[in-house]
Amino acid sequence: MVDITLHQFEISPFCDKVRRILRLKGVPFEIREVSALRSALDVRRINRMGKLPVLEVDGEFIADSSEIARFLDERFPDPALWPADPRERAQCHVLEDWADESLYFYEMTMRLQWPSNSPRWSREAMRADGRLGEAIGPVLVPRVIAQRTKAQGVGRKSHDLVLRELERHLDALETLLGDGDWLASSSLTIADIAVASQVSAIAGAREGQAALDGHPVTSAWLQRTNAATLG
């Protein structure tokens, strides 16, 4: 019996990505929710990068959601996350990277920086810190997130521009999906899981949900992906 623990922040789309993979593959696991206030110290004890998620497997620690996905696909190959066709595998790589490195900053900006959404999600981000976290989260979290998103660029843009760019991203998903069920292959792949994790987080912002509602093909795809990966 393999002993697996996911060290996570629950609201992180990257932690959601790993949970989806584990559930798709039917792998039992436990969750350890990490305190936001202690994360810098606690996480570096198990991961020098200081990032979550970290998957602990029989005492071995694997960091980074993409590395965890590859580890799990090797250890538990059924169902496979990557298709056999080389072109489809390449499409999975590009789409996963787009989700992780581009869409991620839209969800962070919209959920955790914009005042219309940040009070709720800031408290959620610090829920493991109890009453103190709930009290200081709405002040602390948007400031920390703003530093990251402004350094990357999305956080410096106006609300209108962010929403226009989000519309373009969702339009692209509609086109990629077309009449098919999945993004990169005839079956669900890592591309669907990675993108769905970020789109779900974006939909946690009321403006994000409104944009998603205007894209019925993408909404239907997200429902299929959720049904297969949320258990």
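These are my notebook entries on the sheet, the cores and a few chosen residues of this structure, which is a predicted model.

**Entry 1, the sheet.** I began with the strands and found four of them in an open sheet, ordered β2-β1-β3-β4, with mixed pairing. The edge positions belong to β2 (30-33) and β4 (60-63), each of which pairs on one side only. Ignoring direction, I noted an average turn of 25° between neighbouring strands of this sheet. I then looked at how β1 (residues 4-8) is joined to β2, and found four bridges, with the two strands running parallel. Within this pair, Q8 stands opposite E33 of β2.

**Entry 2, helices on the sheet.** Next I asked which strands helix α1 touches where it packs on the sheet. Helix α1 (residues 13-24) touches β1, β2 and β3 (54-57), and its direction makes about 160° with that of β1. Helix α3 (residues 65-75) also packs on the sheet, where it touches β3 and β4, and here the angle between its direction and that of β4 is about 125°.

**Entry 3, the cores.** I turned to the nonpolar residues, bearing in mind that in soluble globular proteins nonpolar side chains tend to be buried together. The largest nonpolar core holds 58 residues, and L55, L72, V195 and W221 have the most contacts inside it. Helix α4 supplies the largest share of this core, with 11 residues. I also recorded a second, separate core of five residues, C15, V34, L52 and A63 among them.

**Entry 4, W221 and L173.** For W221 I listed the contacts beyond its neighbours within four places in sequence, and these are L177, D181, W182, L183, D192, V195 and A196. I then looked up L173, which lies in helix α7 (residues 159-177). How far apart are L173 and W221 in space, C-alpha to C-alpha? The distance is 9.6 Å, while 48 residues separate the two in sequence. With neighbours within four places in sequence again left aside, L173 is in contact with W98, L183, V195, V199 and T218. I count L173 as buried because its relative accessible area is 1%, and the cut-off for buried is under 20%.

**Entry 5, T109.** Is T109 buried or exposed? T109 has a relative accessible area of 1%, so I class this residue as buried. T109 sits in helix α4 (residues 86-113), the helix that gives the largest share of the largest nonpolar core. Leaving out its neighbours within four places in sequence, I found T109 in contact with W114, T149, V154 and G155.

Definitions and conventions
Residues numbered from 1 in each chain as written. Predicted model: local features only at pLDDT ≥ 70, side-chain atom pairs only at ≥ 80, totals over all residues. Heavy atoms only, no water. Buried < 20%, exposed > 50% of the residue type's maximum accessible area, 1.4 Å probe, protein only. Contact = heavy atoms within 4.5 Å. Core = buried A, V, L, I, M, F, W, Y, C linked by side-chain atoms within 4.5 Å. Pairing = 2+ DSSP bridges. Axes fitted to C-alpha atoms, helices over the stretch in contact; angles between N-to-C directions.
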